[in-house]
Amino acid sequence: MQLTDYRPRSALVTKTTLILQPRFPVVDAHNHLGEAFGGGWEKRTASEVLDVLDAAGVRIYVDLDGGFSEHYLHHHLDHFKAVAPERFRIFGGVNWSAWPEQGNRFGQWAAAQLRAQAARGADGLKVWKPFGLQVRDHLGALVPVDDPRLDPLWAAAGELHLPVVVHVADPVAFFDPLDEHNERWEELQAHPDWQFPSPPYPSFESVVTGLANLVARHPGTTFVGAHVGCYSENLAWVSALLDRCPNFFVDIAARISELGRQPYSARRFCLAYADRILFGIDMGPDLEAYRRYYRFLETDDEYFNYSGREIPDQGRWSIHGLYLPDDVLQKIYSANAQRILVKRS
Ligand SMILES: [Zn+2]
């Protein structure tokens, strides 16, 4: 038998708690409705999405797929938010491809674009991971995450009270050599384009250091570090940035795999930073996925599958629930996101 064919089944006799509805209403602060990450729900009706959200106990759904083109942003605003304004928040994006044309004035231009998106109804700004890894300026040089030419953009987000959800870098193993020690070897075999070997890419450390500099330099702008502050493998690093920058928040989207394999550290982290953590699943409106997240946050179930697949896609390990207390759950499920988003409502 090849190791890749090995599918051991746990013989543990432990409890399985089925959580159908969350203990408190939920704001899903990191999700999608577009083709690539949201399962193409943009082609379905708002009421179909709302049926899933109602079943899952989700009150507000943050769709990060507004993007920057009129096509996407306006479509998502008209198709979802206009139908149920109290249930949807739509985030805009940055059109990096205009940098060659705008040159060193790109930051001012992007700020003006953001103001226009806000006027049209955008509720925040989503920055995707090409930033820091692939985005280049008019001279072809890589744009670092803390590039001062972008200061006008971040300042505008602060003035407009638009939260910035920022995803830079990726799992640390995506930057590591693809050898027998790489803990995401199977995932990278399936997605070879997710590797960022350095060189030519910058190191993981330099990208997240850029994030820390960026957040510290703009205390008047609210940043949400996606996927547990972009460094879920190192909660001490994320904690240090949260300590240093009161304008920094994190979401847990697509990272119960990481949090649940370090359950003691993760639980301490959630208790210590209960006011700074946002709920999100990043898997489209998916009832079963919501229920896995609720089980993870609410129960003390042990050693369970964090994904819907027999071989979990982020790595062959299992997770443990955090059994968070009610006051912490309530903040992570909704109060923190409401506080950030409410300024726009
Ligand atoms: Zn996402």
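## R295 and D301

R295 is buried, with a relative accessible area of 14%. In this predicted model, the side chain of R295 meets that of D301 in a salt bridge, with N and O 2.7 Å apart. D301 is itself buried, at a relative accessible area of 1%, and D301 also forms a salt bridge with K15, where the closest N and O atoms are 2.6 Å apart.

The pair of D301 and K15 links distant parts of the chain, since D301 lies in the loop between α13 and α14 (326–341) while K15 belongs to the segment before β1 (26–31), 286 residues apart. K15 counts as partly exposed, with 42% relative accessibility, whereas its partner D301 has a relative accessible area of 1% and is buried.

## The salt-bridge network around R184 and E258

Across the whole structure, a search finds 25 salt bridges. One of them brings together the side chains of E258 and R184, with an N to O distance of 2.9 Å. Because E258 lies in helix α11 (residues 256–259) and R184 lies in the loop between β5 (164–166) and α7 (185–190), this pair ties together parts that are 74 residues apart in sequence.

Are the two partners buried or exposed? E258 is buried, with a relative accessible area of 2%, and R184 likewise counts as buried, at 3% relative accessibility. The pair also belongs to a wider arrangement, in which salt bridges that share partners join E183, R184, E187, E258 and R261 into one network.

## Packing of helices α2 and α13

Two packed helices are described by the angle between their axes and the distance between the axes. For helix α2 (residues 46–56) and helix α13 (residues 287–298), the axes come within 9 Å and cross at roughly 25°. An angle under 35 degrees counts as roughly parallel, and therefore α2 is roughly parallel to α13. The crossing in which α2 passes α13 is right-handed.

Which residues of the two helices meet? On the α2 side they are V52, L53, A55 and A56, and on the α13 side L287, Y290, R291 and Y294. Sorted by class, the contact of α2 with α13 has seven nonpolar residues, no polar residues and one charged residue.

## Backbone features in the loops

Most residues other than glycine have a negative phi, and most peptide bonds are trans. Against that background, the loop between α7 and α8 (204–217) deserves a look, as the place where P199 is found and where P200 also lies. A cis peptide bond joins S198 and P199, with omega about -10°, and the peptide bond from P199 to P200 is cis as well, with omega near 10°.

Positive phi values in residues other than glycine are found at C230, where phi is near 70°, and at Y303, where phi is about 50°. C230 is found in the loop between α9 (226–229) and α10 (235–244), and this cysteine is buried, with a relative accessible area of 6%. Y303, by contrast, counts as partly exposed at 43% relative accessibility, and its place is in the loop between α13 and α14, which also holds D301 of the salt bridges described above.

## Two histidines, H227 and H161

H227 is found in helix α9 and counts as buried, at 4% relative accessibility. What surrounds H227, leaving aside its neighbours within four places in sequence? The residues in contact with H227 are H30, H167, S232, D251, A253, A254, R255 and D282.

H161 lies in the loop between α6 (151–159) and β5, and with 43% relative accessibility H161 counts as partly exposed, whereas H227 counts as buried. The C-alpha atoms of H161 and W317 are separated by 40 Å, and the two residues are 156 residues apart along the chain.

Definitions and conventions: Residues are numbered from 1 along each chain as its sequence is written. This is a predicted model: local features need pLDDT of at least 70, side-chain atom pairs count only at pLDDT 80 or more; totals for chains, interfaces and linings use all residues. Side-chain values use heavy atoms; hydrogens and water are left out. Axes are lines fitted to C-alpha atoms, for helices over the stretch in contact, and angles run from 0 to 180 degrees between N-to-C directions. Helices (H or I, at least four residues) and strands (E, at least two) are DSSP runs, numbered from the N terminus. Angles under 35 degrees count as roughly parallel, over 145 as roughly antiparallel, 65 to 115 as roughly perpendicular and the rest as oblique. A crossing is left-handed if the near helix is turned anticlockwise from the far one by less than a right angle, and right-handed if clockwise. Contact means heavy atoms within 4.5 Å. Ala, Val, Leu, Ile, Met, Phe, Trp, Tyr, Cys and Pro count as nonpolar, Asp, Glu, Lys and Arg as charged, and the others, Gly among them, as polar. A salt bridge is a side-chain nitrogen of Lys or Arg within 4 Å of a carboxyl oxygen of Asp or Glu. Buried means under 20% relative accessible area, exposed over 50%, partly exposed in between (1.4 Å probe, protein chains only).
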